[in-house]
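Okay, thanks for coming, everyone. I'll put the structure up and then walk through it with you, chain by chain and then across the contacts.

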Amino acid sequence: MDDHYIDRVLSGDVEAFRYFLTTYKDMAFNLSVSIVKDDHYAEEVVQDAFMKAFDGLASFNRTAKFKSWFYRIVVNESFQRLRKMKRQIHPITMDSKVEYLEPLDQPQNSNEYDRVRTALKVLPAKEGLVLNLFYLEEHSLKEVGDVTGWTLANTKVLLHRARKNLRSILSNKKTIKD
Amino acid sequence: MEESNEFQDGYVKSLILQGASKISNETFEDEMMLKIQASIDHKKEVTAKLSLDIRYFRIATIMGITMAVILLTKRMSFSVNLLYPGVISLFVLSVAGIMIMGNLKRFMRLYKY
């Protein structure tokens with residue numbers, strides 16, 4: 001399906017690119033939020049990623065899946081934005097510990113969606129990313145590696161740690177090291 | 001696949017699915033399409049200007065070389081000396097002109113929509 005729309009875009013039918021926007025915008029947004037931890041910045045990142053994908057579509061190697069290629073752009077853009085944000089906003093606390101959040105102290109006051117969203121925002125960028133790719137997007141470990149550039153062993157370690165940290169945050173127990 | 005199964009976790013999966021969100025901006029697609037269209041228009045405009053630049057540059061180079069050849073031929077009458085400074089400069093400038101033209105063309109191809 002993707003290939004058909006790629007061909008259409010490359011042959012000059014710009015409107016065909018809307019298919020990619022509709023299909024991948026939400027997942028790209030989730031991936032970006034898991035890294036930059038901010039909805040507004042994440043939307044900007046997704047916009048930039050789509051622009052890059054459009055510009056680079058002609059050079060896209062068809063042996064790979066469009067999805068993996070595009071998610072890789074999103075991930076790279078998100079980490080780039082995160083680095084920029086850290087330089088601009090938190091020049092001193094770059095490697096500091098992320099303190100545990102308050103909404104989870106009173107779970108009875110917030111609904112489940114907010115609890116999980118807040119927990120995911122507290123997780124370190126790589127852990128949030130690996131959880132989204134593996135559980136939400138249902139990528140295999142190898143595909144996660146293709147998107148992120150991590151080794152299989154590294155992906156496993158991150159996934160293991162991310163699950164553990166998510167459970168800990170939701171059971172309101174500890175602080176997380178970045 | 002087995003390696004992936006090792007990490008199957010219904011509880012975490014349900015949490016991630018619950019925490020999944022959507023872009024709240026309802027006009028996201030339309031805004032993006034406008035941005036893309038604007039970028040295409042910009043590229044077309046740049047390409048058109050570059051193509052005009054190349055045309056003028058080519059004309060100027062050819063005219064420059066022709067004039068230099070005419071002047072040099074008159075000055076040296078018929079005793080052609082390849083080591084004459086004017087001939088060497090003419091050769092170097094011609095090569096530079098052709099290279100610049102090639103680079104402009106390459107740049108235009110890169111920028112072209």
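**Two chains, helix by helix**

So, reading from the N terminus, the elements of chain B go α-α-α-α. Keep in mind that this is a predicted model. That makes 4 helices in chain B, with 0 strands. Chain B has 113 residues, and just 8% of them count as buried. Now look at the contacts in chain B between residues at least 6 apart in sequence: 84% of those join residues at least 24 apart.

Chain A next. Here we have 8 helices and, again, 0 strands, so to speak an α-α-α-α-α-α-α-α run from the N terminus on. Of its 178 residues, 34% count as buried. For contacts in chain A with a separation of 6 or more, residues 24 or more positions apart account for 65%.

Let's split chain A up. The domain assignment gives domain 1, residues 1-96, and domain 2, residues 97-178. How many residues does each domain bring to the contact between them? Domain 1 of chain A puts in 13 and domain 2 of chain A puts in 14. On the domain 1 side, helix H2 (18-36) and helix H4 (66-89) of chain A each supply at least two residues. By class, that domain 1 side divides into 6 nonpolar, 4 polar and 3 charged residues.

A few spots in domain 1 are worth a stop. A:His4 sits in helix H1 of chain A, residues 2-10. Is A:His4 buried or exposed? Exposed, because it has 9 C-beta neighbours inside 10 Å. In sequence, A:His4 and A:Ala16 are 12 residues apart, and in space their C-alpha atoms are 9.4 Å apart.

Then there's A:Lys37, in the loop between H2 and H3 of chain A. Its phi is near 65 degrees, so a positive value in a residue other than glycine, if you're scanning your Ramachandran plot. A:Lys37 is also buried, because 20 other C-beta atoms lie within 10 Å, and 20 is where the cut-off for buried starts.

After that loop comes helix H3 of chain A, residues 39-56. H3(A) has 18 residues and reaches 25 Å from first C-alpha to last, close to the 26 Å expected at 1.5 Å a residue. The buried residues in H3(A) are A:Ala42, A:Glu43, A:Val45, A:Val46, A:Gln47, A:Ala49, A:Phe50 and A:Ala53. As a reminder, an α-helix has 3.6 residues a turn, so residues three or four places apart point the same way.

**The helix that meets chain B**

Over to H6(A), residues 125-136. Its 12 residues should span 16 Å at 1.5 Å a residue, and the end C-alpha atoms are 16 Å apart, which agrees. Why call H6(A) largely enclosed by the rest of the structure? Because 10 of its 12 residues are buried. Among them are A:Lys126, A:Glu127, A:Leu129, A:Val130, A:Leu133 and A:Phe134.

How does H6(A) pack against H2(B), residues 10-19? The angle is about 100 degrees and the axes are 9 Å apart. The two helices are therefore roughly perpendicular to each other, since 65 to 115 degrees is the range for that label. On the H6(A) side the contact is made by A:Leu131, A:Asn132, A:Tyr135 and A:Leu136, and on the H2(B) side by B:Val12, B:Lys13, B:Ile16 and B:Leu17. By class that's 6 nonpolar, 1 polar and 1 charged.

Following H6(A) you hit A:Glu138, in the loop between H6 and helix H7 (141-148) of chain A. A:Glu138 has a positive phi of about 55 degrees, although it is not a glycine. A:Glu138 counts as exposed, because it has 10 C-beta neighbours inside 10 Å.

**The whole chain contact**

Zooming out, the contact between the chains takes 26 residues from chain B and 30 from chain A. On the chain B side, the elements giving two or more residues are helix H1 (2-5), H2 and helix H3 (28-76). Which of these has the largest share? That's H3(B), with 9 residues. And by class, the chain B side has 13 nonpolar, 7 polar and 6 charged residues.

That's my tour; over to you for questions.

Conventions. Residues numbered from 1 in each chain as written. Chains lettered and ligands numbered in written order. Predicted model: local features only at pLDDT ≥ 70, side-chain atom pairs only at ≥ 80, totals over all residues. Axes fitted to C-alpha atoms, helices over the stretch in contact; angles between N-to-C directions. Parallel < 35°, antiparallel > 145°, perpendicular 65-115°, else oblique. Contact = placed C-beta atoms within 7 Å. Nonpolar A, V, L, I, M, F, W, Y, C, P; charged D, E, K, R; others polar. Expected span 1.5 Å × (residues − 1). Domains from an automatic or database assignment.
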